[in-house]
Amino acid sequence: MSKEITITLPDGTQKQAQAGITGIEIAELIGSGLAKAAIAFEANGEQRDLSDSVSEDSNISIFTIDSDEGLEIMRHTIAAQVLARAIKNLYPKAKLAIGPIIEDGFYYDFLSDEPVSIDDLPAIEQEMKKIVGTKAEINKTTHSKKDAVKSFNDLDEPYKVQIIEDSEQLSGFQIYSQGETGFIDLCRGPHLPSLDKAGSFKLTKISGAYWKGDSSNEMLTRIYGTAWKNEKDLKKYLTHLEEAEKRDHRKLARVMDLFHLQEEAPGMVFWHPKGWSMYVALQNYIRRKQTENGYDEINTPLVVDRKLWEASGHWDKYREKMFITEIDEEHANEKRVNALKPMNCPCHVQVYNQGLKSYRDLPIRLAEFGSCHRYEASGTMHGLMRVRGFTQDDGHIFCTEDQIESETAGFISLLSDIYTELGFTTFDIKLCTRPETRVGSDEVWDKAELALESAIKKLKIPYTIETGEGAFYGPKLDFVLTDAIGREWQCGTFQSDFNLPDRLGAEYVGEDGEKHKPVIMHRAILGSFERFIGILIENYSGKMPLWLAPTQLVLMTVTEEVIDYAAELETVFNEINIRVELDSRNEKIGYKIREHSNAKVPLMAVIGKEEKSNESISIRSLSKNDTNTYSIDEAKDFLLKNSDFPS
RNA sequence: GCUCAUAUAGCUCAGUGGUAGAGCACUUGCUUGGUAAGUAAGAGGUCACCGGUUCAAGUCCGGUUAUGAGCUCCA
């Protein structure tokens, strides 16, 4: 005789049931509609298959496809049961690895002896649809480690065997199968009870991925897909992807004539006049913010003798990413080996080291728009987002240990201001704590971590802790901002360093008259101008705020006889430093509007007979699609008021 | 760096071994037109680079470089 158990549902209602009741029976207990829609359940926080039983008092949630959990379980089944089986059907020699869910979808990794390309995806997708069409039931059996290893050894699935062998558990390995098909897969589960509950899916891309994410392991084939509860949601997602593609900064850069890259200088940007004007506007804005916040701007050499890099540790730790230069032997009197700087910190310490510093001088905040070069692996380059030559809004704060906390607070407040003013309302902070391999004493680490953490706490900004992700010389805060379409970008960073001052001999004279080592806080807000401009372009879809727009106002003539008036206006706006362009071409006004709209010029003025005779100007805005008529003085006021830096 | 793919006119792309194409952009002519494409004509290419196969290569094969999607890394 089995005992009675109490089942508590999410809304608090309780039901009595016999111990051993299964998930699907619980769903039926609640309602037959729910039982039909149910795909899995959760018992005391643990996700289970509907066929699993419950033998003690439990908090139970039944999942349907309408919940996030249900959607994820469905995606998981599409990956591990449907895609995996389709791969085995089409490529019987393939060795299955893993098939987890990711944001909006899933992937499956497998080893294939024949290359699989994107052209093969439609056939695989077809096979998946066939498999789903069988509406096969998914069954589960549980095995001991030994049995599970044997099952997958028999099937010659070495990755599955390795997963089981690497596992610490000795039993409870779940193997899922589909009816009598002979297909089995190792899985933590849960899965849909049968394939007729699968939603709409699409395979999206294919690539290579290292086994266990380790670049020293062999590369597997990875197929990505997305899955949604119905066709409508799938379409919506695919449309969203297309929208994201339209704001690709590489595409917009061509339309807006901002910059280009070319084969002779991979990963290095050729800025065009319009792109450079954005860059300069952003740099001037940052320069002003930094000056207001107690930074002194400096500039240091790009090409520096290897001796300095040896002293700083870069020659040892960072050399494979450094561009090394040698002077042509025929013309050089002395043979020197130099490196293009990959970071600015060693040079900043050189500036600090000039002249004896007193504790009264600290903190010293040195800022540089530091041009750095790093030989990035060829496959990692991506438009402006990942380049080999870039400029950081770099800064190094030389301070005492006691000043870390207040400097942290000051930095976060500056960063927060800047992100907000640039249009990013949300950003996350990650506190990265001491890694396994590190330098410095635990006392100093305690102090550094505590200082960083208490400073954020005071600002009441939420943050997460990334244990062990800090730099080897100190803990750091990473700042991740979210753009207009929800993508995340790591930009700002704030790192404390107790190592470099020692290596490069930075000192100050303390109150006690003795020499002490300062702490260096490495910091950047934008990270790199190149990447940040890429992010801004995509965030705004190229429709830049007025102060950043390369061309702020374009004057478009309707007929030839107003060109003289338009040219007068051009002079007027030039005099107040508005970036203005005159389009007096022999084209219709609609044509001009279309062209400048595509080029994302924020303000367009139509200049016709009416404006000329009234001495007025009609300004049409790109973002609002509205038109206002101003007198010339009103227009000047309006433009001056709206084209300044944000604040 | 690794996997797969791509490289044809300024841009977007078509071109399955036999005399290089389209649309847009550009130049010129006509048109002077009021809020997202007026019209006609013209010019424009060593088909990324190096090699191979073939009577013949933009097309097939190999290599190099760059680019794209990812992986690993990262500002």
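These legends describe close-up views of a predicted model.

**View 1. Surroundings of RNA strand B.** RNA strand B is surrounded by 54 residues, the closest being Y210, V558, E560, N586 and R594. These surface residues divide into 17 nonpolar, 19 polar and 18 charged. Among the atoms of RNA strand B within 4 Å of the protein, 51% belong to sugar or phosphate, and the rest belong to bases. Helix α18 gives the most to this surface, with 7 residues.

**View 2. Three side chains at RNA strand B.** K205 has a polar side-chain atom 3.2 Å from a phosphate oxygen of the strand. For Y224, a polar side-chain atom lies 3.0 Å from a sugar or linking oxygen. For R386, the partner is a base oxygen, at 2.4 Å.

**View 3. Salt bridge between R250 and D248.** The closest N and O atoms of R250 and D248 are 2.5 Å apart. R250 is partly exposed, with a relative accessible area of 35%, whereas D248 is buried at 12%.

**View 4. Salt bridge between E376 and K321.** In this pair the closest N and O atoms are 3.3 Å apart. E376 lies in the loop between β22 and β23 and K321 in the loop between α11 and β20, so the bridge ties together parts 55 residues apart in sequence. E376 is buried, at 5% relative accessibility, while K321 is partly exposed, at 24%.

**View 5. Salt bridge between K458 and E405.** Here the closest N and O atoms are 2.7 Å apart. K458 belongs to helix α14 and E405 to helix α13, so the pair ties together parts 53 residues apart in sequence. K458 is exposed, at 64% relative accessibility; E405 is partly exposed, at 26%.

Terms used:
Residues numbered from 1 in each chain as written. Chains lettered and ligands numbered in written order. Predicted model: local features only at pLDDT ≥ 70, side-chain atom pairs only at ≥ 80, totals over all residues. Heavy atoms only, no water. Near = heavy atom within 4 Å. Polar contact = N/O pair within 3.5 Å; in protein donor to acceptor, adjacent residues only side chain to side chain. Helix = DSSP H or I, 4+ residues; strand = E, 2+ residues; numbered from the N terminus. Nonpolar A, V, L, I, M, F, W, Y, C, P; charged D, E, K, R; others polar. Salt bridge = Lys/Arg side-chain N within 4 Å of Asp/Glu carboxyl O. Buried < 20%, exposed > 50% of the residue type's maximum accessible area, 1.4 Å probe, protein only.
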